[in-house]
Every structure is written in structure tokens, then in C-alpha cells.
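The following paragraphs lead the reader through a protein chain, from its strand pairings to the surroundings of individual residues. The sequence and the model are shown first.

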Amino acid sequence: MSDRRVFRWATTSARLLIGTIVSVAAVILVVTAISLPWPTLTRDPVSVSAMPAPAASTVACDGALLSLGRDPRDAASLAAAAPQTVTSGVTADAPEPDEQRLDAAGVSGGLGPLAFTAQPLERQRVDVAAAGASTVSADDLQGFAASACRPPLLESWLVGGSGTTGASDLVLLANPGTVAATVQLTLFGAAGEQSPPGGSDLIVPPGTQRVVPLAGIALDEASPVIRVTATGAPVHASLQTSITRTLTPGGVDQVGAVPQPEQTQTIAGINVTRSPGAEGASDAATVLRVLAPSADTTVRVTVTAIGRSEPAAEPEEVALTAGQPAEIALPGLTVGAYTVEVDSEAPVVSAVWQATGFEEGDDFAWYTPSPEVAVPSLFAAPSGPPPALTIVNPADEAATVTVTSEDGAYQLELTVPERGTMTARLSPRTVYLLEPDAPVRAALSLTGDGALAGIPVWPADAATPEIVVYP
């Protein structure tokens, strides 16, 4: 072998060896690079936290009690039968709210309902509370009615009333805003969910209240439930319900809306004023109306006397068909105050009808569910019989609740036991602040001679949350 061949072989071998070493080193380097953490640079996006300006607080009232068909020449005519006396107040140290008188179109002989607006103070929301009461004694309308002035909503539910003979019920739609609202009334009755022609595309101009006879959308319905849906502007919806038995008026009430269906509804402060057996020929004195709007379900109904832990009767389970309201009689309740709890796997809406009796001079009331109150909240006690405040603690731990009058002259601290209830006597025509240290439910009850009414306490509107802006 020549020296040239030996040199070429040695050179080629050296190249192969160097290439192999480089390849192995490259593999080791890549594996090591993958397995070892590399330094990273993390940069959070630039953001600015800002608190938006709080909105004004607005509530609208139901207004005067109305009579339908007093003019013999016009069966659809509306007339004011009794004015509403309103009590209002705002958060401590805030200026008095702006007062607005709504135009009650088509109603003769009286003024329209009031609305109150509280402007923010030092970039803080100011809560406003108001409630009204009316007493009427006439040939066609008799009784006592009390109701809270509520914020307008885009959707709400009216549970109560009747479209049968003897009832002259009215759906009240108030728009305290500055733009018109278009309202759809959906009826839930014996045939399920319906869209009656008289309840479609109802225009409620700004600053007005529109009145719709319930018989025009729920004729012959014994147990209607109405869903109120608004577009363009929210509305305050309520129901005036009354009954006449053989030319004798049997009571009147203004029924507030239920904000939304829930799986658990607590109806507090129901006052039973007559002993068992004091019933009319075909009427029960205590009746629960309940609707599951969207799904078949079974509800469990529990009635408990206030201040007691055990139920007043065995809980009752009732099957519901979606879209069809059901009525459940609650007989055998002795004189006293009660709480009714409705539990279901599907969301429901409900209310309890209670009557003082079925003779001339008697009255009735629809008691609607009390929402959960977890923040300090204002509420107003209207004129009328001395109100009783019922507080329900649904939790497994005791809750402390402080009740303070607007002027600070009255303050009461209650320790409500777990799964328990307590009551407190308050004064009429007074605004109070309810401060719980845990979520509770509460309601006002007003009971007197031939007078019956109930008002649930709603929570204060939540404060405007902080928003984050990314430039």
C-alpha cells in the first residue's frame, strides 16, 4: 500500500470519527436543551382598574286603587277609587330623592303613581325605599292594600288574581324611564303557556303607567300566572286584584312581582286570622299557587309556624306539569303567623293567598316570596296596621340581624337561630335599614280589623363592580 493511500485512509477515518463525535455532541446538546428549563420572559398586559360611575336608584309605586267599569256607559272605564299614601326614604346622610308623578293614562278622578330616583353621592350609590297603602270602602271595592315601590325590571312574574266571574283584576305597568318600553304578557294557565293577543306589543310611554284588565288576557282562567317581558326600557309590573261575591266586595290587594323563578322559594309572614273550619262554601282560607314554567317537576311544600322548628303539618309533595299553574290548599292552620317553603328540582314561582274570611268587611292578601338579603338593605313600612317583620334564617348557623330606623331612634338586634324564624314589631310610616351578617329572608305583615297585606323585603341593588381596561 502506498503512503498516499494510507494517508487518504487515515484522513477519511479521522473525518468519520470527528463527524460521529459532532453528531453525538449535537444529540446530547438537543436532549439537554429540551430537558433543562430555559429562561423565559413573561410580560403581563398593561391594564388599568377603574370604578364606573354608579347609576341612580329608581323605584316606582303601584298608585291609587282603581275601579273598573264605574261608568255605566263604558264597562272598560277606569277610575281612582282610593289614593295611595306613600312612605319613602334614602340611605343615611343622602339628600331626599327626586319625586316623579307618572301619568296614569285613561284613569279618571285621581293622580298617577309616584316614582322616586336617588342620585349617587360622592361616587357612591344611594339606595331608595318606598311603600304605599290604601284603604277603600265602596259598593264595588272594599279592603286594605299595601305594596312596596320596586325597581323596574326587564322580566318579572305576576302570581295571583283570577279571570273568572266576580274578579276585576288589573295588570299595572309603570315606566319611570325616559324611553318607551314594549311589553309582552305571556299567560300560563290551564292550557299551558300562551301568548294572548291582548298582551302583545304593549307600548308603555316614558313617565306613564298603563293598565291592562286581566280578563282581557286571561278570561275564565282561575289560577293565572303572567310573565312580563319588557324591551326598550324596564317596567315596574304589579297586579291589583279584587273580588265581589254576590254584589258584596270581598277584599282588595296590590300584588308585587316575583323577580325570577327559583328552586327554593320562601314565603314569610303569612297571617292566619281565623280558626280551622271557618271556610266559605267552596273556598279555602289559605291557598298556595305555584308554577314550574319550563319543566315537569315535583314540589315539596312545608308550612312552619313562626318561632317553631317543626312543621305545622306533614310536608306535602305535588307533581307539576310544565307551564300549568297548580293550587294547593293548606287547611287546618290555627290562628298565627306562618312561613311556607317551596322546594323543587326545577325553578318555580309561587304565592300564597290568605283571607280573613268570606263575609262583608273581610279582606285578603297575596304573599309573595322573599328574596335572599345578604347586604344592608332599606325597606319602608307603609301606613296602616302596625307591621310585623318576619326574618327567616335558612342556614345551619345562627344569624345576627340589626334593624335600625332611618332617624336612628329605633335599633334592634336579633339573633335568629339556625333554620329558624323571629319576628319584630315595627312602626308604620317609617323607613328601616336591615343589616344581616349572613343571608336571610324577610317580609312585612300588616294585619288589622278587616285588613290584611304582606310585603317581602328585597335586597339593595348591588354596587357597581370595578372594571379592568386593557389599553
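Which residue of strand 9 does S57 stand opposite? The residue is A118. The model in which this pairing is found is a predicted one. S57 lies at the start of a stretch, residues 57–60, that constitutes strand 2, and four bridges join this strand to strand 9 in an antiparallel arrangement. Strand 9 is also joined to strand 6 (residues 98–101), again by four bridges and again with the strands running antiparallel. In that second pairing, Q100 has A115 as its bridge partner in strand 9.

Strand 9 itself spans residues 114–118, and five of its five residues are buried. In a regular strand, side chains alternate between the two faces of the sheet. For strand 9 both faces are covered: L114, F116 and A118 lie on one side, A115 and T117 lie on the other, and all are buried. Thus A118, which stands opposite S57, and A115, the bridge partner of Q100, belong to opposite sides of strand 9.

The wider setting may now be described. The chain contains two helices and 36 strands. Of its 471 residues, 47% count as buried. The chain exposes about 22400 Å², of which carbon and sulfur atoms supply 54%. When contacts between residues at least 6 apart in sequence are considered, 77% of them join residues at least 24 apart.

A further strand with two pairings is strand 18, residues 225–231, where five of the seven residues are buried. Strand 12 (residues 155–159) runs antiparallel to strand 18 and is joined to it by five bridges. Strand 14 (residues 181–189) is likewise antiparallel to strand 18, with seven bridges between them. T229 of strand 18 takes part in both pairings: E155 stands opposite T229, and T229 is also the bridge partner of Q184.

Attention now turns to an open sheet. Five strands form it in the order 7-17-13-19-20, with mixed pairing. Its edge strands are strand 7 (103–104) and strand 20 (248–256), each of which pairs on one side only. At the strand 7 edge, two bridges join strand 7 to strand 17 (residues 208–213), and these two strands run parallel. Within this pairing, A104 stands opposite Q209 of strand 17.

Strand 19 of the open sheet covers residues 236–245 and includes Q240. Is Q240 buried or exposed? Q240 counts as buried because its relative accessible area is 0%, and the cut-off for burial is under 20%. A polar atom of the Q240 side chain lies 2.6 Å from the backbone oxygen of L66. Leaving aside neighbours within four places in sequence, the residues in contact with Q240 include A64, L65 and L66, as well as L141, S168, D169, L170 and L172. V252, D253 and Q254 are also among the contacts of Q240.

T241 is likewise found in strand 19. With a relative accessibility of 4%, T241 therefore counts as buried. Its side chain is joined to that of D169 by a polar contact of 3.1 Å. The C-alpha atoms of T241 and V252 are separated by 5.7 Å, although the two residues are 11 residues apart along the chain. Not counting residues up to four places away in sequence, T241 touches G161, D169, G251, V252, D253, V255, F364 and W366.

The last residue to be considered is D362, in the loop between strand 26 (336–355) and strand 27 (364–367). What is the nearest side chain of opposite charge to D362? This is R274, 4.0 Å away, and D362 is buried yet has no salt bridge. The side chain of D362 does make a polar contact of 3.1 Å with the side chain of T356. In addition, a polar atom of the D362 side chain lies 2.7 Å from the backbone nitrogen of E359. Beyond its neighbours within four places in sequence, D362 is in contact with G250, G251, R274, T356 and G357. Of these contacts, G251 is also touched by T241.

Key: Residues numbered from 1 in each chain as written. Predicted model: local features only at pLDDT ≥ 70, side-chain atom pairs only at ≥ 80, totals over all residues. Heavy atoms only, no water. Buried < 20%, exposed > 50% of the residue type's maximum accessible area, 1.4 Å probe, protein only. Pairing = 2+ DSSP bridges. Lys, Arg positive; Asp, Glu negative; His and termini not counted. Polar contact = N/O pair within 3.5 Å; in protein donor to acceptor, adjacent residues only side chain to side chain. Contact = heavy atoms within 4.5 Å. Areas by Shrake-Rupley, 256 points an atom, 1.4 Å probe, with all protein chains shown as cover.
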